[in-house]
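Please examine the sequence and the structure displayed here. The explanation that accompanies them is organised from the chain as a whole towards individual positions.

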Amino acid sequence: MKKFSLRARVLTGALAAAALGAGTFGAVSASASAPAVAAPAAVKADAANRNLQQTTHLTVAAATRAALAVLEAAQDDDQRVTVAVVDRNGNTIVVLRGDGAGPQSYESAERKAFTAVSWNAPTSELAERLRQAPNLKDIPGTLFLGGGAPVRSKGAPIAGIGVAGAPSGDLDEKFARAGVAALAG
């Protein structure tokens, strides 16, 4: 490999720096002189717009209040449960795992809440429907066991409360209804 003289190395470095500087200056000049892109016009949102739909959602505070009511009702019956509250789309708003609740109860509570809001019915009723349509159990994310209750506003489902961990689905559902009742006031 041929060794360059100090003068050749300095000259090469200076040329590289000049080229880099010219490129940077050109890029800055080009971006500074380019016309500004106009911001897209905002869509006017009004009640008459047929492209929009209004929905009702629980606040985090309301979901937490319902979940705490469930845990209190379970504690009064000396039961250790987990409660999940999901929104209309089945997205989890809050999950509270009570002291001593089993590890399986977390996922079961979420799935019961999802099932209740998806079908706008208590999961104990849906478990009965499963006898006529056994393939319902194959729908991802669902659990057809007692313990889920829908939360409704004007008859439409807006959330689901799922409870798991008590010895029976009937008890789980009793506690879920306590959560729904806490939202009525």
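The following paragraphs treat the overall layout, the sheet, the helices that pack on it, the nonpolar cores and two loop positions.

The model is a predicted one. Its protein chain contains five helices and four strands, and these elements succeed one another along the sequence in the pattern α-α-β-β-α-α-β-β-α. Of the 185 residues in the protein chain, 33% are buried. The protein chain exposes about 11900 Å², and 58% of this area is supplied by carbon and sulfur atoms. When contacts between residues at least 6 apart in sequence are considered, 62% of them join residues at least 24 apart.

The sheet provides a convenient frame for the description. It is an open sheet of four strands, arranged in the order β2-β1-β4-β3 with antiparallel pairing. The edges are occupied by β2 (92-97) and β3, each of which has a single partner strand, so one side of each is left without a neighbour in the sheet. From one strand to the next, the twist averages 15°.

The strand β4 may be considered next. It pairs with β3 in the antiparallel sense over six bridges, and β1 and β4 are likewise joined in the antiparallel sense over six bridges. The residue Gly160 of β4 illustrates both pairings: Gly160 is the bridge partner of Pro150, and Val86 also stands opposite Gly160. Burial in β4 is extensive, since eight of its nine residues are buried. In a regular strand, side chains alternate between the two faces of the sheet.

Two helices are now placed against these strands. The helix α2 packs on the sheet and touches β1, β2 and β4, with its direction making about 30° with that of β2. The helix α5 lies across β3 and β4 and runs at about 140° to β4.

Which residues have the most contacts inside the largest nonpolar core? This core has 22 residues, and the residues in question are Ile161, Val163 and Phe175. At least two core residues come from each of α2 (60-76), β1 (82-87), β3 (148-153), β4 (156-164) and α5 (169-184). Among the contributors, α2 gives the most, with seven residues. A second core, separate from this one, consists of five residues, including Leu126, Leu130, Leu136 and Phe144.

Finally, the backbone deserves attention at two loop positions. The first position is Asp78, which has a positive phi of about 55° although it is not a glycine. Asp78 is placed in the loop between α2 and β1. Is Asp78 buried or exposed? Its relative accessibility is 58%, so Asp78 counts as exposed, the threshold for that class being over 50%.

The second position is Lys154, which is found in the loop between β3 and β4. Here β3 and β4 form a hairpin with two residues between them, and Lys154 belongs to the turn. Phi of Lys154 is near 55°, a positive value in a residue other than glycine. With a relative accessible area of 88%, Lys154 is exposed.

How values were computed
Residues are numbered from 1 along each chain as its sequence is written. This is a predicted model: local features need pLDDT of at least 70, side-chain atom pairs count only at pLDDT 80 or more; totals for chains, interfaces and linings use all residues. Side-chain values use heavy atoms; hydrogens and water are left out. A nonpolar core is a set of buried Ala, Val, Leu, Ile, Met, Phe, Trp, Tyr and Cys residues joined through side-chain atoms within 4.5 Å. Buried means under 20% relative accessible area, exposed over 50%, partly exposed in between (1.4 Å probe, protein chains only). Two strands pair if DSSP finds at least two bridges between them. Axes are lines fitted to C-alpha atoms, for helices over the stretch in contact, and angles run from 0 to 180 degrees between N-to-C directions. Contact means heavy atoms within 4.5 Å. Accessible areas come from the Shrake-Rupley method with a 1.4 Å probe; for residues, only the protein chains shown count as cover.
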